[in-house]
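Okay, thanks for coming, everyone. Let me put the model up and then we'll walk through it.

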Amino acid sequence: MDNDERHAGADWGEAMSTAEMTIGDGEPLPEDTLLAVRGLKKHFPIRGGLLRRVVGSVKAVDGIDFYIKAGETLGLVGESGCGKTTAGRTAVRLYEPTAGEVLFNDPQMGPVHIEHLTPRQLRQLWTNIQMIFQDPFSSLDPRMTVGRIVAEPFLVHKMLSGRALQDRIAELLTVVGLRPEHASRYPHAFSGGQRQRIGIARALAMNPKLVICDEPVSALDVSVQAQVLNLLEDLQKKFDLTYLFIAHDLSVVEHICDRVAVMYVGYLVEMAPTEELYHHPMMPYTEALLAAIPKPDPRRRSRPIRLPGEVPSPANPPSGCYFHPRCPYAQEICKQERPPLRKVAPEHWAACHFAETLKLQGVPRLSQLPVDVQAAPSAQPSTQAPSAP
Ligand SMILES: Nc1ncnc2c1ncn2[C@@H]1O[C@H](COP(=O)(O)OP(=O)(O)OP(=O)(O)O)[C@@H](O)[C@H]1O
Ligand code: SF4
Ligand SMILES: [Mg+2]
């Protein structure tokens with residue numbers, strides 16, 4: 001489908017309501033769904049030869065279904081290269097999808113199909129959807145002052161200027177635990193945690209409904225991670241935010257997420273409420289991820305988890321269940337038939353032929369992060385806020 005075809009006749013009023021859309025094999029969406037994704041694919045072409053012809057494709061995301069309810073945090077986890085970032089970006093059309101439907105319950109416009117929107121409509125929609133990136137060092141322009149970085153969305157949309165803009169910047173910096181006078185400084189003058197706070201202030205500028213947090217604490221020291229996570233939780237309550245929280249570290253996900261979706265080589269292989277996923281995983285890949293949760297060590301940054309065996313390439317995945325070459329429970333059928341993601345319990349989906357019969361090992365849900373999150377100072381909005389780490 002080309003862009004013209006997709007946009008032909010599309011207007012804001014065309015999308016179906018959440019009650020009409022289903023996911024998986026016909027499961028209705030919860031009424032308070034903010035974002036729903038069905039059959040989403042993103043394939044990147046592989047070019048070769050002198051003429052740079054397309055000789056294959058990287059199926060980074062290959063047909064995934066999930067939903068996020070308003071006000072909740074959905075974690076998206078999996079090993080490096082399994083398609084988490086591509087899934088997040090394609091869901092909100094920062095990458096053009098290869099196929100699939102995405103429904104967003106826009107507070108102003110009602111339910112809209114993101115894949116149908118024109119570029120102008122999309123720009124309007126993106127004021128309600130923002131991103132926080134992994135690397136607070138490269139995601140902020142070093143030539144801009146902090147004030148200019150946070151002001152950017154208002155300048156692009158020509159929404160505020162002069163005193164009103166200065167006041168809003170001061171308010172946003174305060175809300176994320178920085179000080180209004182920080183507006184005149186450049187990003188290099190700040191620590192990693194402070195830079196991530198600047199990125200969060202920029203993301204909150206337009207009062208978004210949905211924030212895609214792509215490994216927002218992975219590059220930070222563990223003690224600072226806890227403080228930034230607390231800040232994200234405080235802001236969620238204060239501003240009624242919904243998060244898609246991408247991470248490889250399951251201990252981080254456990255603390256902040258209401259539900260967790262697990263990805264493996266372009267597919268969702270399990271999705272369940274956090275407590276349930278940790279106690280009763282029903283897909284062997286989730287069991288392996290849980291067993292690999294790193295031991296708490298406040299001196300170390302979290303590292304990508306490593307499981308035994310290689311992650312298959314999404315350009316050349318194995319037959320049947322993609323996890324079968326690494327799965328201790330694999331049987332003959334696993335090499336031949338790929339199990340679909342199917343509902344195995346209320347709010348619990350799993351893609352395994354033997355989901356109901358395997359007795360997989362969960363882990364007790366930790367009440368603490370690697371560094372005691374409860375003990376970590378939370379960045380409360382205050383005009384007297386101390387300089388946060
Ligand atoms: N622009 C691109 N062109 C071609 N291939 C890409 C592109 N972006 C991502 N890929 C490939 O798609 C797959 C999924 O990548 P993605 O970055 O989404 O994974 P990820 O789960 O976010 O990994 P990480 O944990 O390392 O961030 C990888 O094989 C990656 O090499
Ligand atoms: S379908 Fe088979 S290979 Fe795949 S996770 Fe289940 S048991 Fe393992
Ligand atoms: Mg990524």
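So, how many of the residues of strand β10 are buried? The answer is 6 of 6, so to speak a full house: β10 covers residues 242-247 and is mostly covered. Keep in mind that what you're looking at is a predicted model.

Now look at the two sides of β10. T242, L244 and I246 point one way, while Y243, F245 and A247 point the other way, and all of these are buried. That's the usual pattern, because side chains in a regular strand alternate between the two faces of the sheet.

Next, the neighbours. β10 runs parallel to β5, residues 73-77, with 5 bridges joining them. It also runs parallel to β9, residues 210-214, again through 5 bridges. If you want one residue to click on, take F245: it's the bridge partner of G75 and also of C213.

How does the chain get from β9 to β10? Through helix α7, residues 222-239, and together the three make a right-handed β-α-β unit.

Zooming out, the protein has 11 helices and 14 strands. Of its 389 residues, 44% count as buried. And for contacts between residues at least 6 apart in sequence, 68% join residues at least 24 apart.

Last stop, ligand 2. There are 13 residues around it, and C321, H324, C327, C334 and C352 come nearest. By type, that shell splits into 11 nonpolar, 2 polar and no charged residues.

Okay, that's my tour.

Note on methods. Residues numbered from 1 in each chain as written. Chains lettered and ligands numbered in written order. Predicted model: local features only at pLDDT ≥ 70, side-chain atom pairs only at ≥ 80, totals over all residues. Helix = DSSP H or I, 4+ residues; strand = E, 2+ residues; numbered from the N terminus. Buried ≥ 20, exposed ≤ 12 C-beta atoms within 10 Å, placed from the backbone. Contact = placed C-beta atoms within 7 Å. Near = placed C-beta within 6 Å. Nonpolar A, V, L, I, M, F, W, Y, C, P; charged D, E, K, R; others polar. Pairing = 2+ DSSP bridges. Right-handed = clockwise from strand over helix to strand, strands pointing away.
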